[in-house]
Structures are given as C-alpha cells and as structure tokens.
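I opened this notebook to keep a record of what I looked up, one topic at a time. Here is the structure I worked from.

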Amino acid sequence: MAVEQFVSKTLELLQEEREAEIEENRIWQENISLKDLQSKGVCLLKLQISSQSTGLYGRTVVIFEPRKHLGFTSLPSNSFGPGDIVGLYDTGGCTAASQIGTGIVTRVSQTAISVAFDDSNDGLSFDTDGLHNLLKLANDVTYKRMKNALNTLNGYRNGPAANLIDVLFGNSTPSSQTQPNEFKFFNSNLDDSQREAVSFTLSQRELAVIHGPPGTGKTTTVVEIILQAVKQGQKVLCCAPSNVAVDNLVERLAQCKAKVLRLGHPARLLESIQKHSLDAILAQSDSAGIIADIRKDMDKAFVGIKKMRERGDRVNYKREIGELRKELRTREATAIAQILKSADVVLSTNTGACHTGPLKYLPAEHFDWVVIDECAQALESSCWIALLRARKCILAGDYKQLPPTIKSQKAASKGLSLSLMERLIQMYGDSVVRMLTVQYRMNSAIMDWASKEMYQGRLTAHSSVEKHLLKDLPGVACVEETSTPLLLIDTAGCGLSEMEVTEEQSKGNQGEVDIVELHIKALTEAGVKAKDIAVIAPYNLQVDLLRQKLSARHPELEIKSVDGFQGREKEAVVLSLVRSNRKGAVGFLSEDRRINVAVTRARRHIAVVCDTQTVQNHAFLKSLIDHMTQHGEVRTAFEYIQDIAPQNYTRDPKDTKSSSSSTSTKQKVKDQPTSRTKPPQKSSTGSSANENTAGKEKHTKSSLTCLTEEEQKKNRTAEITAQVESFLKDSNQSELQFPSSFNSHDRLLVHQIAEEMGLVHESKGEGKDRCITVARPLESTPAEEPPQEEEEEEEEEEEEDKVQNPQKEQLSQTALDLKSLHLERMKREQQKREENAQQKKQQNIILPAQASKKPKAAKVKSKTKTGACGIAAAAAPDEDFDTLINAVIKAERVCSFLRCKASVLMLGQLCLFCNRQYCLSHHIPEVHGCGDKAKSHARMRISKEGVLYAGSGKKDKTMDPNKKAYLQRKLDSKLKDMSTQRKPKQKENES
Ligand SMILES: Nc1ncnc2c1ncn2[C@@H]1O[C@H](COP(=O)(O)OP(=O)(O)OP(=O)(O)O)[C@@H](O)[C@H]1O
Ligand SMILES: [Zn+2]
Ligand SMILES: [Zn+2]
C-alpha cells in the first residue's frame, strides 16, 4: 500500500474521530451552565491566585484557591486530579475568547489546586488580583502530534527510517542477518519461546513482531531484547501507548541497571519512576546549580510583581523574567541534549516521543531501534511518531486483546482501530512474528479455552501454574469454591433479568450482583484475600452496582470494567456477564477480545455468573460456556437465590440422598450450600490431606459425568415436556401432578417448561411430600394483560404479570422477590424522574431531549403502577414509606466516618470511591480508607492522558454525569436494604 494512500485515509479518519469527540463535548457543555459544570466537578469558578512560583523543574506553578475573604474555605467537590489538562479563563466565561492559557494540574487539596504552566507560553501573565475559572479540557495535543507524524511520514525521503517505512508498507520485504550475532542471555530463565523471540529479533534487520498472549512474559522478553541491543551499542527508544506500561518498563529496566531516561510530565509519572525522569536527572546535572540560581531570580521577580501596585513597575519585572527565562532555556537545552545522549534507553509514551518535546535536541539519526510495547492497543498513527526515528522496529503486544478505544464507530469500522501490529501480520503472516507460548499465569483449565479459541491451541501452562488452585494459597481452606478453577453459575430460568438505565446507556443486573456477593462471601470465608480477587463486569452500570454492594465490606476488592483490567491479573476473577433477556441480545459482549481479556486475568479461579440461555446465542460465549460445562463446576443460580431469600424455599431433605437417581446436575446442586456455608476451619482442623484427595476424586468424577450432563438435562427436559404436552391434549385433566420423588432440580425444569408454555405451576407440601403441579392458565389472566408495547418493555410486563399472581408462583417466588425489589426500585426511579421533569417544566427549561422523553416516562409509570403497586402497598404502606425515606435522609445527613456525627448537609463531600458523604475532616479518601483506591484511580487517569489510549477504562468525564445517578442508586440500595430488613428472617440465617 502506498504511503500517501495510508496517510490521507488515516488523516481523514482521525478527523472524523476528533469531530466525534468534539461533538460529544459540545453537546455536553452547551446544555450545561458553568454552575452545573462546577457541580459536576469539571469546572471551578471564581478562584483567586494565592501564589506563583517556578516549580516542577522550571514550570510556572500557580496555586489557586477559593475566595477566602468571602468565607469560602474549601473548593467545591470536584474531579480534578494530577495530570488533567485544564483551561484557565477570566471570569468572563469558559470560552475560547476568554482563555488565558492551558496547564496541567499538579496537586489538588481540599483548599487549593496547583496548576503548572509551561514556560514556553511566553505571553502568559496572570492577573494576581482578578478571579479565574478553571475548566477541565479534552486535549487535542495527541491529535496534533499524530497528524504531524503522518504528514512527516508522507514527505519522508532519506532519513534513518526510509528503509523501515518501505518494509512497513510492503514496498520491500523484511530481511535478516545471514550470520546471527553470538550472544549470551542476561536472563537465564527464559523459556524456549522467549529465547527464540529474542534471537529472532536480534537477527532481523528491520522488523520483528512479538506476539505475547496473556501471561507469557512479554515484558520479560522485551527487557531482554533491550538489554541485548544496549550491549551491542544500539541506542533504543522505547514507547508504549499508556504511561503505566511505560513506567512498568522503566522499573524493570532500571532493576537490570540499564541507563534509562523517562520523558514525560513529572505530574504524570509514578512517584517511584520520577527519579528517572528527564527533569529529575536535569536537576542533578552539572548545570543544575546555575539553572537553580536563575530560577531563584525568577521567583524573586514573581514576588516582586505581586507586591507592585503600579503597572509601570510590573513591566520591569516582566522584562526581567523574560530574559531570565531565555537564559534558562538555552542552558537547559544544552544540558538536556547531553543527558539524552548519554542514556542507553529513552522511554516515553507514543505521543511523548514527538519532535516538539525534548527529543528535538537530538540529531535525527540518534536512535537505532524503536521498541513499541502494547502495540496492539495503540493507534497506528501514534506509533509513527516514534517510528520515524528508527532503522529497526520491534513491536510487542497481543492483538487478541482489546484494540484502542475509539469514539467514532464509523472511523473504527473504516479501519482506524486496526493496529500496526495486526496490519503487519495481515501483510506478512507469521514470517515476521514470534509468539510466546508458555504462560505463567493461568491454571491450565482456564488457559485451555483461551488457547483453543484465540491462540490456535499453541499455549502451554508452565508447570509452576499449571495446576495451581486457590486452596494452594497460604491460609486458604479447601472447599469446593477454592478447589475448582472453573465455576459457572447459571441464572437461566431464574428470572434475574438485566435492567437498563436509559440515561446511562449501560446495563445492570441486580440478581447477578447478589450472586456475586454470595460467591465473594464464600471465597473470603475460605480465606481468599479480597485483594486477590477481581470482580469484572463489561458494563459500567453493573460495575457501579457491584461496588455499591461490595466495596464497603471489602475495600480491597477490585471491581472494574473489562477495559479497566487489561494488562492486570488476579488470583481469582468473578465475571458477571449481565445480559439476560428473552431476545438473546448480547450487545457489547459480542466483542470476542473483551471476553478473552476478562477471562485471562484469572490465575487460579474464574467464576462466570451469567444467563447461559441469553449468552449462548453468541458463538464465542457459547464456546466459553461449553468449556466450563465440560471441564468445570456448574451450578444453577437457583440455589443461590434460596440463600438470598431462604424463607421462600424449603430445602427438600431427600435431595441430598437421591444422588444416584436421574440427573447428574442435581448431584452437584445437592451439597454445595453446605460447603459454602460451612466455616473454613472445617477443613483446616480436619486432616487436610484427606480432604484434598477426597475433593479431587469427586471433582474428577463429576468432570467425567459432566461430559454427558448436557444431554442428560436435554433428555430430562424432553421427558417432562412430553408429559406436559400429553396433559394439555387431554382436556379432562385439570392439573398435572408430578411425583414427589422429583428433586429441586427436576422441579426447576418443570418450572422452566411451564414458564415457557405459559402454564400455571405450583409446589405443594413440605419435605418428602413436596411436589409440583402444572395447570392451564386461568381465564382472567389475559384480560389484565396490558397491550403489547415496545420491545424493551416486554420484560417488565412479564414480570408484572407474575407480580399480579404471586400465589400461583410458589416455586419461583424466590426469583420473584428479587423482581419485586427491582420493580419497587424502578417505580421509585420513575417517580423521581417524573418529579425532575415536573420541576424542569416549571422552570421553563425543558431541553428538547427531555421533552420528548417525558410522555414515555409517564406511560411507563402508569403501567408500572397497575403492575407493582400491589407489592409496594403490601410491603410498605405510604406512611411507612415516608418513615423509610426520612430515615434514609437522616442517614444521609451525617458524615459516614465511623463515630463522626458531623452534618454533611451544607459542607458534605461525596467520596467517589465509596459513594458516601463525609464531613470536611473525613472526606479525603486517605482519611476514611479509600486512599488506595484514590491512588490507583489517579494513576489510571494519569495513564489515560488522551482519549485514545486503550486499556484504561472509560474517560473521566463520563464519571461526572453519573454522579447524580450514583446518588440515586445509593438511595435505592439503602431503601432496598431497609426493605429487606423489614422482612423478618434473612441475614441471620446466612451467617
Ligand atoms: N521464563 C520465565 N520463567 C519463569 N517465570 C517467568 C518467565 N517469564 C515470565 N515469567 C513470569 O511471568 C509473569 C509475567 O511476566 P511479564 O511481567 O514479563 O509479562 P507481561 O508482559 O507483563 O505479561 P503479559 O505477557 O500478560 O503482558 C511474571 O510473574 C514473570 O516473573
Ligand atoms: Zn471513600
Ligand atoms: Zn466526619
């Protein structure tokens, strides 16, 4: 492909992408006042400058604070963090015209925010008396740099990269040295595939691609390659799309005593890395003394300016500062060039390697090799920023994991999401690729699926991990949950449907949240540490719901979206797939690479909670379900629901004894609740060796029977269906009673079949005599049924239908309980939405979007009313409900910090990590125990820089509109908790 063609097409797609982003920002900003932006935390209004100095290696750092003389002592709650790019405005507004400059946030405290402005903005002068607004900006620096690189690529003639460009565009073929260099490995532990990758890379002249599936030691290999290159006297430029990935390499290379230099704004680097940063090394250099003196003079001048009241005097100081700055710059340029030249490896993000940065001090042909790690997560255009400096390139990554995040679907589908790595593999095939095939992370049962489905079955598990299980971890007891690498908890037929909150375009599933909670409980009770467990969900809404439920009890449990987890690993992963609907829609789960990433984070155990009936409609997900069914434990969510609402179900004592009869799934269902609820001491006090082997034997046995399990289930289903059908044909029979020998699993099947056929079903009797009957639907039902409406509401109708006839639904009453809670919630949410709309209307500011939404909201509400008010009324009479609301409001009024009674009504601050309100002395995450989360959040945000870097989750600003929704959900969960408390029994039984 011609370079020009690539460049013009890519420029176009980048433009499209940029426009999509701008459009999104515009819609968002235009419809929201500055005040609202401030309340969303992305804008800070009317700040005064408290001080100004040169700091952070020569930048002008300005500290802003609220108007103290008016009694504002702290900043409004905001989402500003170190590394954010902000615009500085006078109080005229936040428009381009009133922008004074842009800077990078370096520090945020309760009372002040520091912003670093680059010296290069010569015209920058701050009115120290005036008031300023700060607004978080979407940054276009990344775009500009990529565009520049593409344009340079287009006109590139005979620089160092000329030959490489030919190879990367197929104009000449990659070549290798005939006589490979002799070399000795630094790391003697490398496996064969890693060694092969290193030798191959060393012998290639222009291009080597290293394909590193999850856990195969890609970084280990890249580090070895770089060390070998350095030994050969090569100068290496090493890049990755995210700051985190770059820092990781810096750390590993520094451990190996390589002379590394990290480029990048110090505000964005991990603290441990800062000593390798250009600025830090500069500060220790010979010129440092002189530079420091100049800075001191500049600081003095700044202080001078502040004292001066007269304009004329200020001008003098400004001139002085200008001259000092010039001198500073020439001295620094010389020093920087020296430092850069003496480093063996220079590291930066892809965009940090741009020619407007420090690399401009180096001659064009300085570098020999360019290494790009995580290459499959980078836009190709961002790779070209660095590649234009290289004779040879090494690309490492895994294109079977998630590609770079792109906002414009159109641009993505037209090729913007195709990474350089993938494009080259398409062009040259395996001849330029070496794949790492030994993985050091996953138990082979987990790996086998990924290997087969994604990596041509080529992966093998290293013996150190092949069989490792949770129970092998110190302090972890041997129970069923900790002895199986694969656990599938199937919600099919249990009525745990997904829900949707339209404003957020996301999906949640409260039933799955409850099941995840129980599984986490089982794992932690067995001694697995919360910090070793990840809970992953593909939808942000579900992530929020899970956090709400779990974070308070397990602050160290990491709960994230799939995208936020790329590049990480955990001993145990619990994956909630969320989707459960009759249409079998799986939406965004259909990205195979997303599922691959989610599953391959797990080292010893993965539990998947999902509705197999829904997700099996997608071939790739089906392969996962099939794999887990064949090689792992399968449970139905039904028995977890019994734990959630045990009052609705009497366990059939016969179940535990009838394991020899009918199905084998039943056999599994039978004794798990015991193992789950039994305290972990059980096995640690007993002879654990015996227990171990016993567990293993059982496991093997069940794996064997598992092979035909699905068929057995099918047969059983067919049997029962046939019985039901023949009953239906015989109009004389009014009721079909199944024998009391049916166990709970058989009854579940009956329940499912009856549901599908629209029949009434009921369980009667206790213990041994418990049996299930099926009958034709009652005549009255159709009359009450609301007319069919939009598809998305179907689910609700179905639920309401059951709610209206609860007495006919004994067996599914447990599921129904969750549903009624869900409905209660939905109803209140609807009410709130309506009230909001009402208020808006009164204020005459209905946005068109809301105006059009309103009628539908009203309709849904009235529908919900007819359906669910019965439950709501029965459970909570109006007064009761008011008391409830009052209690919640009261609880919301005081600081959430243990024993703190301070009011948070006026000055409360919401912690975004735990979603609680705190008083001013407790709201800082570090103070109340969210420190780690805040840190990793900040890190993640820092690593995101632009929107284009993949693997780091959603963009910041999506947090902000959610804040309100967060609060709403928080209230709802409190209400839910309270309503469950009001029903006697429950919780006590569990513990
Ligand atoms: N040859 C080896 N022998 C033993 N352990 C190894 C070897 N190579 C890598 N590992 C181990 O595997 C783990 C992952 O290695 P590394 O950090 O290099 O991979 P990564 O590139 O970060 O991961 P991934 O391949 O998933 O991107 C580390 O714990 C590392 O110690
Ligand atoms: Zn907190
Ligand atoms: Zn407090």
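The entries below go from the ligand to the aromatic rings, and then to single helices and loops.

**Ground rules.** I note early that this is a predicted model, in which local features need pLDDT of at least 70 and side-chain atom pairs count only at pLDDT 80 or more, while totals for chains, interfaces and linings use all residues. Residues are numbered from 1 along each chain as its sequence is written, chains are lettered from A and ligands numbered from 1 in the order in which they are written, and side-chain values use heavy atoms, with hydrogens and water left out.

**Ligand 1.** I looked up the residues near ligand 1, where near means that a heavy atom of the residue lies within 4 Å. There are 15 residues around the ligand, of which N189, Q194, G215, T219 and T220 come nearest. By class, I found four nonpolar, seven polar and four charged residues in this shell, with Ala, Val, Leu, Ile, Met, Phe, Trp, Tyr, Cys and Pro counted as nonpolar, Asp, Glu, Lys and Arg as charged, and the others, Gly among them, as polar. Helix α6 (residues 218–231) gives the most to the shell, with three residues; helices here are DSSP runs of H or I with at least four residues, strands are runs of E with at least two, and both are numbered from the N terminus.

Next I asked which atoms of the protein lie 2.8 Å from a nitrogen atom of the ligand. One is a backbone N or O atom of N189, and another is a polar side-chain atom of Q194. A backbone N or O atom of G217 lies 3.3 Å from an oxygen atom of ligand 1. Taken alone the ligand exposes 620 Å², and the protein buries 68% of that, by the Shrake-Rupley method with a 1.4 Å probe.

**Aromatic rings.** I counted four aromatic pairs, using rings of Phe, Tyr and Trp (its six-membered ring) with centres within 6.5 Å, where planes under 30 degrees apart are stacked, over 60 edge-to-face and the rest tilted. The rings of W449 and F620 have centres 5.1 Å apart and planes at 55°, so this pair is tilted. Because W449 lies in helix α14 (residues 444–454) and F620 in helix α21 (residues 619–631), the pair ties together parts that are 171 residues apart in sequence. Both W449 and F620 are buried, which I take as under 20% relative accessible area, with exposed being over 50% and partly exposed in between (1.4 Å probe, protein chains only).

**Helix α19.** Is helix α19 (residues 592–599) mostly covered or mostly open? I found that seven of its eight residues are buried, among them R593, R594 and I595.

**D611.** I placed D611 in the loop between β22 (602–610) and α20 (612–615), where D611 is buried with a relative accessible area of 6%. Its side chain makes a polar contact with the side chain of S580 at 2.7 Å; such a contact is a pair of N or O atoms within 3.5 Å, and within protein one must be able to donate a hydrogen and the other to accept it, while residues adjacent in sequence count only if both atoms are side-chain atoms.

**K257.** I last looked at K257, in the loop between α7 (243–255) and β9 (260–262). K257 has a positive phi of about 65° although it is not a glycine, and at 71% relative accessibility K257 counts as exposed.
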